[in-house]
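Here is an informal walk through one model, from its surface to its salt bridges. Have the sequence and the 3D view open as you read.

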Amino acid sequence: MRNKIKLKQLPFGYKLMLSYCVFIMIPVLLVGNVANRIYVESIREQTRSIIQGTLHQMKNNIAFKLEDTKRISDMLYFDDMLARKLRHYEEGWASYDATKNVLIPKFQTAVETANRRMWLSVYLKNDTFRETYNVYENMDPLDIKARLYDIYQYHRLENKEWYLGFPTQEVYGTTMQWLQIEDDAKYGRISLLRRLVDISGRQQPYDEIGFMRISVSLADLFDSVDFQKIGEGTTIYISDPKSNVIISSGPELASQRTAPHQSGGSNDDLVIRDMLPGLNMELVAVVPENIVEKDSVKVRNLTLLIGLGCIVLFSIVSVIVSRYFGRRVYKIVKVVDSFQEGEFHKRIHFKGNDEFSKIASALNEMGSNIGRLIQEVYLADLQKKQAELESLHAQINPHFLYNTLSSISRLARFGELDKLQRMVMDLAKFYRLSLNDGRNIIPVKNELEQAQAYIDIQKIKYQNRMQVEYDIAPELVRYETVKLILQPFIENVLEHAWTGDRIHIRICGAVTGEALEFKIIDDGVGFPPGTAREMTNAKDLRNAGYGIRNVDQRIKLHYGPEYGVTLFSRPGMGTTVKIIIPLVKRMAAEGRNKMAI
């Protein structure tokens with residue numbers, strides 16, 4: 001917000017200079033930016049193509065090793081003799097002979113045929129075969145130089161979580177999984193999981209006769225994953241579906257276990273991905289931005305150099321232009337400011353016959369005319385407003401005086417001297433407060449005393465037939481008001497609101513928000529339905545009585561159109577008159593009166 005205010009307060013010359021520089025520099029910066037982006041994208045595409053070729057070679061190398069491990073499992077999966085022996089349930093010498101002459105040779109041949117270290121674990125459903133396994137005591141079996149195979153019975157397998165999650169439907173020759181299970185992650189291994197099934201009948205579903213697990217080292221499987229094949233400073237890693245880094249090469253992920261760049265590149269690094277078939281893993285290469293864009297720095301520096309040169313050149317031109325026009329605009333603004341402050345005697349002159357000269361001539365003439373017209377209108381408006389206020393005030397006093405003198409006449413005719421004396425005293429008090437040394441603005445306290453004096457006069461006339469209740473907030477005495485705004489409505493109630501021989505009036509006063517609110521509430525006949533609706537909904541007092549319009553006009557003349565009188569009435573239920581005036585403290589009024597004196 002402050003920046004906007006400061007920008008608005010800048011002189012015209014600076015704004016002209018800044019706009020000139022901005023609109024000239026935009027095309028230069030756009031062209032430079034587009035050229036730089038095209039060059040960088042070209043480098044990125046070329047780098048991406050080279051890296052994708054390298055990743056493809058790595059993926060083929062890994063696929064070959066996966067296929068070699070699968071070939072070992074095929075030797076056992078498709079072996080009819082092995083399947084027949086595993087289906088033969090006969091203890092004693094037959095079981096011993098099958099283990100020694102069939103199972104162990106086949107498992108040992110499979111392990112020795114592999115081109116790398118592997119650990120074969122076979123789980124047999126036929127419990128006539130005894131278990132043959134090694135005890136590793138928290139060691140990695142792949143660290144042992146000998147070729148390893150272990151034979152377990154099926155009860156060791158049935159409750160393992162990874163086995164329970166293995167696909168239940170066997171697809172001949174293809175159902176297998178590569179997973180890290182048990183302590184594979186701890187020792188950096190991954191295992192090929194596959195069933196041994198009875199394939200003699202070649203009919204589905206196949207009977208499961210065993211299960212094999214072939215574990216290989218990740219380092220052997222992914223030995224081709226080397227960041228140096230891409231370039232110094234790059235990083236290459238393999239991650240699982242949970243974004244865990246399985247193996248990495250490069251400085252960036254040396255101590256990290258969670259794969260970065262999972263959103264496709266949260267920064268400007270070049271990230272290339274490729275899925276590894278059969279593993280549900282992803283091969284990711286990350287080339288830092290500084291390596292990709294090292295050749296684009298020259299283009300960027302050249303663009304910046306040209307931009308700075310343009311800024312210097314255009315700034316010099318804009319300063320010259322802005323000074324020429326800025327001085328003229330500054331003089332015009334000074335004259336306009338003086339006009340706003342009420343000083344219409346200042347004049348401005350320019351040489352030549354251009355637009356600035358014509359503006360100066362028009363301003364000089366306008367200043368002369370406006371100064372004269374403002375003075376005339378100001379004086380006329382003051383006279384008119386004062387005349388309207390005096391006229392409205394003068395209309396109230398005779399109306400009230402006529403009614404009161406009529407009551408005094410009736411009392412004198414019937415010889416009620418005590419009541420006559422009280423009424424005359426109340427009338428004198430009323431007019432003493434009303435005159436108020438000729439001022440139309442009086443304290444709220446005096447206005448309430450005027451209303452009380454009028455009510456006392458009317459009580460002499462109506463006695464117990466009228467009841468008046470007051471609900472005035474004490475803080476109202478601190479404020480001022482236009483005089484005679486309550487009495488006309490009390491008089492209007494007593495003139496027109498009677499429904500029988502009794503009337504009840506309630507006078508309220510309170511401070512609401514930033515305004516002073518008076519209410520005169522009666523339980524009389526109310527306004528006719530059509531008239532009440534017009535005055536309530538439209539706030540149109542043209543059809544109201546003379547006293548109501550008089551008070552409303554005087555309030556609006558003094559305080560403005562947002563203040564005044566509002567009526568709420570229902571036939572047979574009564575009327576509420578609401579008077580709204582602004583909060584003006586008496587101290588302000590007294591200070592204003594002293595200044596006037």
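Which residues make a nonpolar surface patch of about 520 Å²? V312, L313, I316, V317, I320 and V321 do. To join such a patch, a residue needs over 30% relative accessible area and no salt bridge; nonpolar side chains (Val, Leu, Ile, Met, Phe, Trp, Tyr) are linked within 5 Å, and like charges within 9 Å. The areas themselves come from the Shrake-Rupley method with a 1.4 Å probe, and for residues only the protein chains shown count as cover.

A word on the ground rules: this is a predicted model, where local features need pLDDT of at least 70 and side-chain atom pairs count only at pLDDT 80 or more, while totals for chains, interfaces and linings use all residues. Residues are numbered from 1 along each chain as its sequence is written, and side-chain values use heavy atoms, with hydrogens and water left out.

**Helices**

Back to the patch: its member V321 sits in helix α9, residues 296–340. Helices here are DSSP runs (H or I, at least four residues), strands are E runs of at least two, and both are numbered from the N terminus. V321 has a relative accessible area of 33%, so it counts as partly exposed (buried is under 20%, exposed over 50%, partly exposed in between).

How do helices α3 and α4 pack? Helix α3 (residues 80–87) meets helix α4 (residues 93–113) at an angle of about 135 degrees, and their axes are 11 Å apart. Those axes are lines fitted to C-alpha atoms over the stretch in contact, with angles running from 0 to 180 degrees between N-to-C directions. That makes α3 and α4 oblique to each other; under 35 degrees would be roughly parallel, over 145 roughly antiparallel, 65 to 115 roughly perpendicular, and the rest is oblique. The crossing of α3 and α4 is left-handed, a label used if the near helix is turned anticlockwise from the far one by less than a right angle, with clockwise giving right-handed.

Helix α4 also holds Q108, which is partly exposed at 35% relative accessibility. Q108 and D150 are 42 residues apart in sequence, with their C-alpha atoms 10.0 Å apart in space.

Now look at α12 (residues 444–462), the home of A453. Is A453 buried or exposed? With 0% relative accessibility, A453 is buried. Its C-alpha is 6.8 Å from that of K429, and the two residues are 24 apart in sequence.

Helix α12 packs on helix α13 (residues 487–496) at about 20 degrees, with the axes 9 Å apart. The pair is therefore roughly parallel, and the crossing of α12 and α13 is right-handed. Helix α13 is mostly covered, with 7 of its 10 residues buried: Q487, P488, F489, I490, E491, V493 and L494.

**A loop with positive phi**

Most residues other than glycine have a negative phi. The loop between β1 (118–124) and β2 (148–153) holds E137, where phi is positive at about 50 degrees although the residue is not a glycine. N138 lies in the loop between β1 and β2 too, and its phi is also positive, near 60 degrees. E137 is exposed at 67% relative accessibility, and N138 is exposed at 71%.

**Salt bridges**

How many salt bridges are there? The count is 22, where a bridge is a side-chain nitrogen of Lys or Arg within 4 Å of a carboxyl oxygen of Asp or Glu. Here are three of them.

| Pair | Closest N to O |
|---|---|
| D274 and K59 | 3.3 Å |
| D140 and R189 | 2.7 Å |
| R195 and E170 | 2.8 Å |

D274 and K59 form a salt bridge that links distant parts of the chain: D274 in strand β8 (residues 270–276) and K59 in helix α2 (residues 12–77), 215 residues apart. D274 is partly exposed at 21% relative accessibility, while K59 is buried at 17%.

D140 and R189 meet in a salt bridge, D140 from the loop between β1 and β2 and R189 from strand β4 (residues 189–198), so the pair ties together parts 49 residues apart in sequence. D140 is buried at 6% and R189 is buried at 0%.

R195 forms a salt bridge with E170, which joins strand β4 to the loop between α5 (161–164) and β3 (176–179), 25 residues apart. R195 is buried at 7% relative accessibility, and E170 is buried at 8%.

Which residues are linked in a network of salt bridges? They are D140, K160, E182, D183, D184, R189 and R213.

Conventions. Buried < 20%, exposed > 50% of the residue type's maximum accessible area, 1.4 Å probe, protein only.
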